[in-house]
Amino acid sequence: MTHPVDVHVGKRIRHRRWLVGMTQQQLAESVGIKFQQIQKYETGANRVSASRLWDIADALEVPVSFFFEGLNEEEAKPSTMVPADIMGDKEALDLVRSYYAIPEAQRRRLFELARVLSDVA
């Protein structure tokens with residue numbers, strides 16, 4: 001699962017690279033890595049180390065702080081809605097067992113209520 005900060009930084013890298021008319025290949029060559037790594041950074045799939053971010057900022061001629069601009073505190077919090085190993089979570093298993101113990105018609109209504117509440121949150 002990607003962290004929101006990594007996604008934001010990646011978008012800012014892509015945005016700046018695009019603004020200066022640089023390809024992923026050109027950026028990768030200027031910092032000494034493969035272009036596939038730039039792709040991973042730009043999607044937030046891989047985190048950018050501090051030293052690598054420094055090199056990218058230098059290549060794109062911006063301060064390192066540029067990549068964090070526009071990031072608010074709420075966006076920076078990782079999603080804690082679903083544990084990585086949900087079936088290893090005791091509370092989740094108890095919830096699933098309890099859910100299936102409810103009669104079908106009531107279970108569907110509960111499911112719809114849960115969907116509405118999760119959309120509002």
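From the N terminus on, the elements of the protein run α-α-α-α-α-α-α. The model is predicted. It has seven helices and zero strands. Of the 121 residues in the protein, 24% are buried. Among contacts with a separation of 6 or more, 59% join residues 24 or more positions apart.

In soluble globular proteins, nonpolar side chains tend to be buried together. In this model, the largest nonpolar core has 17 residues. Ile13, Leu27, Ile56, Leu60 and Phe67 have the most contacts inside this core. Four elements are listed as giving two or more residues to the core: helix 1, helix 2 (24-31), helix 3 (35-43) and helix 4 (50-60). Helix 4 gives the most, with four residues.

Leu27 was examined further as one of the core residues with the most contacts. Neighbours within four places in sequence were left aside. Leu27 is then in contact with Ile13, Arg17, Met22, Ile38, Ile56, Ala59 and Leu60. Of these partners, Ile13, Ile56 and Leu60 are themselves listed with the most contacts inside the core.

Leu27 also takes part in the packing of helix 2 on helix 4. Two packed helices are described by the angle between their axes and the distance between the axes. For helix 2 and helix 4, the angle is about 120° and the axes are 9 Å apart. Helix 2 is therefore oblique to helix 4. The crossing of helix 2 past helix 4 is right-handed. On the helix 2 side, the contact is made by Leu27, Ser30 and Val31. On the helix 4 side, Arg52, Asp55, Ile56, Ala59 and Leu60 meet them. By residue class, this contact of helix 2 with helix 4 divides into five nonpolar, one polar and two charged. Three residues of helix 4 in this interface, Ile56, Ala59 and Leu60, are also contacts of Leu27.

Arg12 was considered next. This residue lies in helix 1 (residues 4-19). Its relative accessible area is 18%. Buried means under 20%, so Arg12 counts as buried. Residues up to four places away in sequence were not counted among its contacts. On that basis, Arg12 touches Phe66, Phe67 and Glu69. Phe67 is one of the residues with the most contacts inside the largest nonpolar core. Helix 1, where Arg12 is placed, is among the elements that give two or more residues to that core.

Note on methods. Residues are numbered from 1 along each chain as its sequence is written. This is a predicted model: local features need pLDDT of at least 70, side-chain atom pairs count only at pLDDT 80 or more; totals for chains, interfaces and linings use all residues. Side-chain values use heavy atoms; hydrogens and water are left out. Buried means under 20% relative accessible area, exposed over 50%, partly exposed in between (1.4 Å probe, protein chains only). Contact means heavy atoms within 4.5 Å. A nonpolar core is a set of buried Ala, Val, Leu, Ile, Met, Phe, Trp, Tyr and Cys residues joined through side-chain atoms within 4.5 Å. Axes are lines fitted to C-alpha atoms, for helices over the stretch in contact, and angles run from 0 to 180 degrees between N-to-C directions. Angles under 35 degrees count as roughly parallel, over 145 as roughly antiparallel, 65 to 115 as roughly perpendicular and the rest as oblique. A crossing is left-handed if the near helix is turned anticlockwise from the far one by less than a right angle, and right-handed if clockwise. Ala, Val, Leu, Ile, Met, Phe, Trp, Tyr, Cys and Pro count as nonpolar, Asp, Glu, Lys and Arg as charged, and the others, Gly among them, as polar.
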